[in-house]
Amino acid sequence: MGVEVAVQGLTKSFGGQPVWSDVSLTLPAGEISVLLGPSGTGKSVFLKTLVGLLRPDRGDIWISGHNLPRLSERALYEVRKLFGVLFQDGALFGSMTIYDNVAFPLREHTRKSEAQIRAVVGEKLEMVGLTGAERKLPGEISGGMRKRAGLARALVLDPQIILFDEPDSGLDPVRTAYLNQLIIDLNQRTEATFLIVTHDINTARTVPDNIGLIYHGHLAMFGPREMLLSSTEPVVRQFLNAQRIGPIGMAEEKDAEELRAEAQAGVELPPLPPIPTQLQPSDGRPRRAERPPGAWCREHGVTPPPGSFADRPAADRPTVELPVGARNGEAAK
Ligand SMILES: Nc1ncnc2c1ncn2[C@@H]1O[C@H](COP(=O)(O)OP(=O)(O)OP(=O)(O)O)[C@@H](O)[C@H]1O
């Protein structure tokens, strides 16, 4: 089972320039959370701070009774073993085979024999669908395969928390769909706590249990997906629905002049789109943190946007017997 990550009042700056301040959120154990935000708002910095690669100016990160920013380098080194990280480009060593890349953390951090390493590497490569690619170099495989190799390496020490920095960057929509399914299946199988930074709105709407949004140096909102997907808070609504209308501008925040002009022109954010159902594990079992669709909205007296949760998986949908002509490609009368 993954572990809870409780962040309280976290603040980070570089050379006196704040990246974000007073960030508080709890990643529930074993659940999938997504972190969104305009470019440059410090999402990667947040991941690096969580894993202890960067020290925050202030605040706490509680994991299994340890407060990471207060740990000595030596103690931090131990706690870091709870984490697996998939960096944006996979961060593979270009001169090493996929096998050696995936084996690297085992050779660095464990005393396993080569036979034991072979068994673990084989298992992790199978989990990400890369069996057979062991002898290839990173430069000889596609971007999607490199991400999966990076993921196999992130899994190799059986982490309790897995951080994904834009796993879908540079992937086409089909590869992104495969990767999203892999993420759901790995969460089911490993039971680890997942945090995914992404710019892909479809991923953000269908993959996580919880969503957070960093904007303008603060955490604008963090909570169960239905809370954000039904939110009328302008920043959340604009970002999650990929709109130009709203407070977020090209250079992050629109100034008062631009917002006044928008208001005068009568331009408004379009209505909220329906909340889709969550992506399901391919083993046919419900997600481990499964809550009935609409449960959060019902409990909080929120009416979800019309048409929400109507997109059940194809297997659940009643089949419709088409007229003979329509089956052959003719329009049904
Ligand atoms: N080591 C560092 N030293 C100084 N400034 C840094 C450092 N790392 C990041 N920054 C700055 O922190 C800010 C946030 O960067 P970060 O890469 O975390 O943003 P992001 O939200 O992940 O962006 P994107 O969505 O474009 O990947 C940027 O202004 C960046 O230049």
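Helices here are DSSP runs of H or I with at least four residues, strands are runs of E with at least two, and both are numbered from the N terminus. The expected span of a helix is taken as 1.5 Å times one less than its number of residues. The model is a predicted one, in which local features need pLDDT of at least 70, side-chain atom pairs count only at pLDDT 80 or more, and totals for chains, interfaces and linings use all residues. Residues are numbered from 1 along each chain as its sequence is written.

On these terms the protein chain has 12 helices and 12 strands. Of its 333 residues, 35% are buried, meaning that 20 or more other C-beta atoms, placed from the backbone, lie within 10 Å of a residue's own (12 or fewer makes it exposed, anything in between partly exposed). Contacts are pairs of residues whose C-beta atoms, again placed from the backbone, lie within 7 Å. Among those between residues at least 6 apart in sequence, 67% join residues at least 24 apart.

Helix α6 is worth a walk-through. With 18 residues, α6 reaches 25 Å from its first C-alpha to its last, close to the expected 26 Å. Its buried residues are T176, L179, N180, I183, I184, L186 and N187. Seen down the axis, these fall within an arc of 165 degrees, so they line one face of the helix; the arc is that of the directions from the helix axis to the C-beta atoms. The face turned away from this buried side carries the exposed residues V174 and R189. The cover over the buried residues of α6 includes β3 (32-36), α4 (114-127), α5 (143-155), β8 and α7 (201-206).

Just after α6, E191 takes a positive phi of about 65 degrees, although E191 is not a glycine. E191 sits in the loop between α6 (173-190) and β8 (193-197) and is partly exposed, with 13 other C-beta atoms within 10 Å. F309, also not a glycine, has a positive phi of about 65 degrees too. Its place is the loop between α11 (295-299) and α12 (324-327), where F309 is partly exposed, with 16 other C-beta atoms within 10 Å.

That leaves the ligand. Around the ligand are F14, V19, G37, S39, G40, T41, G42, K43, S44 and V45, a residue being near when its C-beta atom, placed from the backbone, lies within 6 Å. Helix α1 (residues 43-50) gives the largest share of this shell, three residues. By class, the shell has three nonpolar, six polar and one charged residues. Nonpolar covers Ala, Val, Leu, Ile, Met, Phe, Trp, Tyr, Cys and Pro, charged covers Asp, Glu, Lys and Arg, and the others, Gly among them, count as polar.

Terms used:
Two residues are in contact if their C-beta atoms, placed from the backbone, lie within 7 Å.
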